[in-house]
Amino acid sequence: MKTLRKELRNLYRGPDKAYASMDFTGIGSITEDDFLKSMVIQRISFNNDELRDFFFLTNMFKNGMNFDSFKKIFFPHLY
């Protein structure tokens, strides 16, 4: 989790830019697949299977993730 937070902060500098870069359809929620296709995943040392297991165990993308949940999880210092 710390690695994802650090890379999101370094790459996008804020939750609004990070979320907008993953919400391709403009629906207002991102899916697990959208997250796994993002540039952040290419920069970390975990593979997709490990991340999918982590997301499943934490119930992170149960029905998609809206902006408030994204901000709470990945940018807790701003919430």
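How near do the axes of α2 and α6 come, and at what angle do they cross? In this predicted model, the axes of α2 and α6 come within 10 Å and cross at roughly 125 degrees. The legends below begin with this helix pair.

**Figure 1. Packing of α2 against α6 in the predicted model.** The crossing angle of these two axes is roughly 125 degrees, and the axes come within 10 Å. An angle between 115 and 145 degrees counts as oblique, and α2 and α6 are therefore oblique to each other. The crossing in which α2 passes α6 is right-handed. On the α2 side, the residues that meet α6 are P15, D16, A18, Y19 and M22, and their partners in α6 are F67, F70 and K71. By class, this contact divides into six nonpolar, no polar and two charged residues.

**Figure 2. Close-up of F67 in helix α6.** F67 has a relative accessibility of 28% and so counts as partly exposed. Beyond residues up to four places away in sequence, F67 touches P15, D16, Y19 and G28. Of these partners, P15, D16 and Y19 are also listed in α2 where that helix meets α6. The C-alpha atoms of F67 and Y19 are separated by 6.8 Å, although the two residues are 48 apart along the chain.

**Figure 3. Packing of α1 against α6.** Here the axes lie 10 Å apart and the packing angle is about 110 degrees. Angles of 65 to 115 degrees count as roughly perpendicular, which makes α1 roughly perpendicular to α6. The contact brings L4, R5 and L8 of α1 together with F70, I73 and F74 of α6. Sorted by class, the residues of this contact are five nonpolar, no polar and one charged.

**Figure 4. The largest nonpolar core and the surroundings of L8.** This core has 20 residues, and those with the most contacts inside it are L4, L8, I30, F35, F55, F70 and F74. Two or more core residues come from each of α1 (2-12), α2 (15-22), α3 (32-36), α4 (39-43), α5 (48-58) and α6 (67-74). With neighbours within four places in sequence set aside, L8 is in contact with R13, A18, M22, V40, F70, F74 and F75. Two of these partners, F70 and F74, are themselves listed with L8 among the core residues with the most contacts.

**Figure 5. Close-up of M22 in helix α2.** M22 is buried, with a relative accessible area of 0%. Not counting residues up to four places away in sequence, M22 touches L8, I30, D34, F35, S38, V40 and F70. Among these partners, L8, I30, F35 and F70 belong to the residues with the most contacts inside the largest nonpolar core. M22 and M39 are 17 residues apart in sequence, and their C-alpha atoms are 9.1 Å apart in space.

**Figure 6. Close-up of S38 in the loop between α3 and α4.** The relative accessible area of S38 is 5%. Buried means under 20%, so S38 is buried. S38 is also one of the residues touched by M22. A C-alpha separation of 9.5 Å lies between S38 and A18, which are 20 residues apart along the chain. A18 is one of the α2 residues that meet α6.

**Figure 7. Two loop residues with positive phi, R13 and N59.** Most residues other than glycine have a negative phi. R13 is not a glycine, yet its phi is positive, at about 70 degrees. R13 is found in the loop between α1 and α2, and it is exposed, with a relative accessible area of 66%. R13 is nevertheless one of the residues in contact with L8. N59, also a residue other than glycine, has a positive phi near 55 degrees. The loop between α5 and α6 holds N59. With a relative accessible area of 49%, N59 is partly exposed, since the exposed class requires over 50%.

Conventions: Residues are numbered from 1 along each chain as its sequence is written. This is a predicted model: local features need pLDDT of at least 70, side-chain atom pairs count only at pLDDT 80 or more; totals for chains, interfaces and linings use all residues. Side-chain values use heavy atoms; hydrogens and water are left out. A nonpolar core is a set of buried Ala, Val, Leu, Ile, Met, Phe, Trp, Tyr and Cys residues joined through side-chain atoms within 4.5 Å. Buried means under 20% relative accessible area, exposed over 50%, partly exposed in between (1.4 Å probe, protein chains only). Helices (H or I, at least four residues) and strands (E, at least two) are DSSP runs, numbered from the N terminus. Contact means heavy atoms within 4.5 Å. Axes are lines fitted to C-alpha atoms, for helices over the stretch in contact, and angles run from 0 to 180 degrees between N-to-C directions. Angles under 35 degrees count as roughly parallel, over 145 as roughly antiparallel, 65 to 115 as roughly perpendicular and the rest as oblique. Ala, Val, Leu, Ile, Met, Phe, Trp, Tyr, Cys and Pro count as nonpolar, Asp, Glu, Lys and Arg as charged, and the others, Gly among them, as polar. A crossing is left-handed if the near helix is turned anticlockwise from the far one by less than a right angle, and right-handed if clockwise.
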